[in-house]
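Colleague: I would like to go through this model with you, one question at a time. Please explain each term when it comes up.

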Amino acid sequence: MLACAVLLAAAMAPELEIVLSPAPARLAVQVSLSGELPAEWMDGLSAGAPVSVTYRMRLFRNRRWLWDQRLGGHELVVKAQRDPLTGVFTLSAELDGEILASGQTDGLNEAVHWVTHPPSADIRVPLRHEPLWLVGRAEFFTRYKLLVIPTKEASEWVTRAVPEAP
Amino acid sequence: MTDWRRRWQRYRRQNRFLISVYLVLALLAAAGFALFSRLRGLPSEELTNRLLFFLLWWFDLTLIAVLLFILVRNSVKLLLERHQGILGSRFRTKLLLSYLVLILLPTALLSVLAAALLSQASASWFTAPVEEMSRTGTELAAEVRESTERDAQRAAATIARELAPLGSGEARTARLEQLHTLLGNDFTGLSVAGRPVVELADPRERRVQRLPPLELGQSRPTGVRSERSGGTVIVRAWQRLPDGAVVVVGDAVPDRQAELQRRLATTGAEYERLKLERPTMTATALLSFGALALLVAFAAMWLGLYLSRTFTAPLLALVATTNRVAAGETLEEVPIPAEDEVGLLVGSFNAMVRRLRSQEKELRATVGRLDAVLGAVRTGVLTLDAERHGAQGNPAAATLLGEPRLAVESVPLDDLAAAGLGRLVDVIRGARGLQRTSLTIHRGGTARALEVAVVPLGEEQRRTGWVVALEDMTQLVRAQRQAAWSEVARQIAHQIKNPLTPIRLAAERMARHVERGSGDLAEVVPQGCRSIVEHVLSMQEMVDAFSRYARLPATSRRPTRLAELVGQVVGLYDGVRPGIAVRCEDRLGEREVLLDPEQIRQVLSNLIDNAVEASSDGGEVVVTVRPEGAEVVVEIADQGRGLDVVDPDLLFQPFYSTKGRGSGIGLAVVQRIVTDHGGTVRLEPNQPRGARAVVRLPGGDA
């Protein structure tokens, strides 16, 4: 029964899709989430609590004999908060601390869509000949095992090979 | 400056570096974490929470690491010390374990209990009723807003419906004014091609009119939007007319209502935010409590180690000192100062050490004096242990026994026996208590007469040693022998002189008669010859007695029932002289004594002879045999004339007689036999009259 519950929870976890569009020394990362978002997250958004989804992206260089070398890490934080007085959702997207986009919307679905389909993130990619990999996941909030050990409520890590720039 | 202050300063100096390193590391870690979080664009309030959380984790982890380090280090150290048998390790182990159990167990229980209480309290904050109330409040605020929006939309639709047939112109404006007044809107406007044409506003609610124009989408014919403005919420709805004009209706929510709505909505949102933050808050509280508990445990453990060190240090110093003293090192005081009961113990020990030092000094002085005395005296002294394995002596003993090693070291008795001192060794080993004896040893071709006294030390059941005193009697014996020979010569001369005079007189008389040619030669010569022969016979008898005394055979002792022997001898005197009774009193019974029965029979005969001879008619001679301690006593008492000499010991000299007849050798023989048996004999007055001979023989087991 426990295994079924775990499998069910895994099946219900949102899935992250990453689409990469390479450019010289740059990489456009389009992330999108599908599936049900965590109930606590949705409840908080509906009730006016500030919520966010952090899209963590890590760029690795593939090495044959050693572990993959991490070339860089980026965070795309998409925040949403509903004004409970006016019902307006305030939205923002920040890439590595810099505002990428912001906006307002009146509907919950629009707000959720905005969060699950944030603007494309343009990140720098070092010029290398080796194959590069982008690993990313979406993090929603922090849970605690045994009350004190923090763990992230997040999607699975998704790995994508960085295509060659045209 | 007090002692505590000095200790604290020393402690601070010792630990300043470690504390500084720890604080610097904590600050660097906190700063690094803050910088890292800042780079990630965290808002300030979240940054504060994260930083607090990080610091709590830092303190908890470092305290756990320090505690584990101290535990492991001290456990390993104590185990090694116990394995090596270092003094005090067992005590410290027990003390540390006691502290750990006494402190860590309650702390762990309290931590678990606190965690449970915190979790329960946290759960009680977010109960279903509270959540329902919060959600209902939020929904109520939203419902009120939506109601206002619906009203505004309805008003805009109504106005649009009324204005649509009128076309553009003053009629439309007039109707608009009528409807504005009729519907009681706070704001009513009409825009054409995105530009406001008419704006009607309630003079009491100019806030609506001051809002920027709505950005009306082309595709949506109607809509509504709520906006915050000046502490209230303004709802603006629009309705597009068929000709493209747009009617805008605006209503401001009353301030009081808006405030209540805001509070409801804000509370609900805050509740949801807290609910999302609840695990973090619980974890933070638990980590805070855990840090406190770890601090308490750390302090308790440090205190336990400090106290165990404080308790054991003076005790260990005390034990180490006593061990050194027990191992034979010099007495020394314990240097560690202590102020409690242990201090009293250390003080008592130091006082005892001082007293022992003083006594030791006196003892050394006494021993030195004793050594000087023993080195100076001519009496040889041997000391032996309780088991009499070996003997050590003073220089006189070494000289007397011809064993120089005795003055330097302990010499085994077997070595002494092998060196020709077997008789002395037998005397020493055979002594059961105080024993005196005389013996002659032959060393280096010379004979040495020794008076030996073996003295036990301690009680009979718990002997602590033996002391043997050796008195060189060689010169004294020689002198006594010379004196005895002088006395013998004098007595012999006296005894010989007595018959010589009558012999000389008889010879001179016969010579005178011969010279004168006396006619009575036939009478004188035989008379003179008889006198000469008679006195020569007397001299012959004296010489025979002397010969008997000199040829007294060696003693051959064997177990003998002395009482029976005495009875036999007494029986021989039954009726030997009329009017004299000789009887025996036996108080010894069947006890056997080691003696030569023939020689003792001679002793008894001589003494009873004297007693019978000294008794007058009607007298009684009583021979008593009885035990007395370790001796057997034989008393021969008569009721005769008693002793008529001042010194009774003279009677034991050979050829000394008060009877005017006999050889005077009987009592000398008695004394010699008794002495050869290790006993004594003496003469003393009998009560009420007469004399009494007392013979004491060693009455040990046969």
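Colleague: Which residues of α2(A) are buried?

Modeller: This is a predicted model, where local features need pLDDT of at least 70 and side-chain atom pairs count only at pLDDT 80 or more, while totals for chains, interfaces and linings use all residues. Residues are numbered from 1 along each chain as its sequence is written, and chains are lettered from A and ligands numbered from 1 in the order in which they are written. A residue is buried if 20 or more other C-beta atoms lie within 10 Å of its own, exposed if 12 or fewer, and partly exposed in between, with C-beta atoms placed from the backbone. In α2(A) the buried residues are Trp41(A), Gly44(A), Leu45(A), Ser46(A) and Ala47(A).

Colleague: Which elements do the buried residues of α2(A) pack against?

Modeller: Helices (H or I, at least four residues) and strands (E, at least two) are DSSP runs, numbered from the N terminus. Two residues are in contact if their C-beta atoms, placed from the backbone, lie within 7 Å. The partners of the buried residues of α2(A) come from both chains: β3 (51-61), β4, α3 (108-116) and β8 of chain A, and α4 and α7 (255-326) of chain B.

Colleague: What phi does Gly48(A) take?

Modeller: Gly48(A) comes just after α2(A). Its phi is positive, at about 105°.

Colleague: How many residues of chain B are in contact with chain A?

Modeller: On the other side, chain A brings 21 residues to these contacts. The elements of chain A that give two or more of them are α2 (39-47), β4 (69-82) and β8 (132-145). By class, this side of chain A has ten nonpolar, six polar and five charged residues (Ala, Val, Leu, Ile, Met, Phe, Trp, Tyr, Cys and Pro count as nonpolar, Asp, Glu, Lys and Arg as charged, and the others, Gly among them, as polar). For chain B, the number in contact is 29 residues.

Colleague: Which helix gives the most to the largest nonpolar core?

Modeller: A nonpolar core is a set of buried Ala, Val, Leu, Ile, Met, Phe, Trp, Tyr and Cys residues joined through C-beta atoms within 7 Å. The largest has 66 residues, and Leu76(A), Ala111(A), Ala156(B), Ile159(B), Val247(B) and Val249(B) have the most contacts inside it. The helix that gives the most to this core, with eight residues, is α4 (residues 128-163) of chain B.

Colleague: Why is one side of β1 and of β7 in chain A left without a neighbour in the sheet?

Modeller: Two strands pair if DSSP finds at least two bridges between them. The open sheet has three strands in the order β1-β2-β7 (chain A), with antiparallel pairing. β1 (15-23) and β7 (121-124) of chain A each lack a neighbour on one side because they stand at the edges, each with a single partner strand.

Colleague: Is Glu598(B) buried or partly exposed?

Modeller: Glu598(B) lies in helix α14 (residues 597-614) of chain B. It has 14 C-beta neighbours inside 10 Å, so Glu598(B) counts as partly exposed.

Colleague: Which element of chain B has the highest mean pLDDT?

Modeller: pLDDT is the predictor's confidence in each residue, from 0 to 100. Chain B averages 81, and 94% of the residues score at least 70. Among its elements, helix α6 (residues 207-210) has the lowest mean, 73. The highest mean, 92, belongs to strand β16 (residues 631-637) of chain B.
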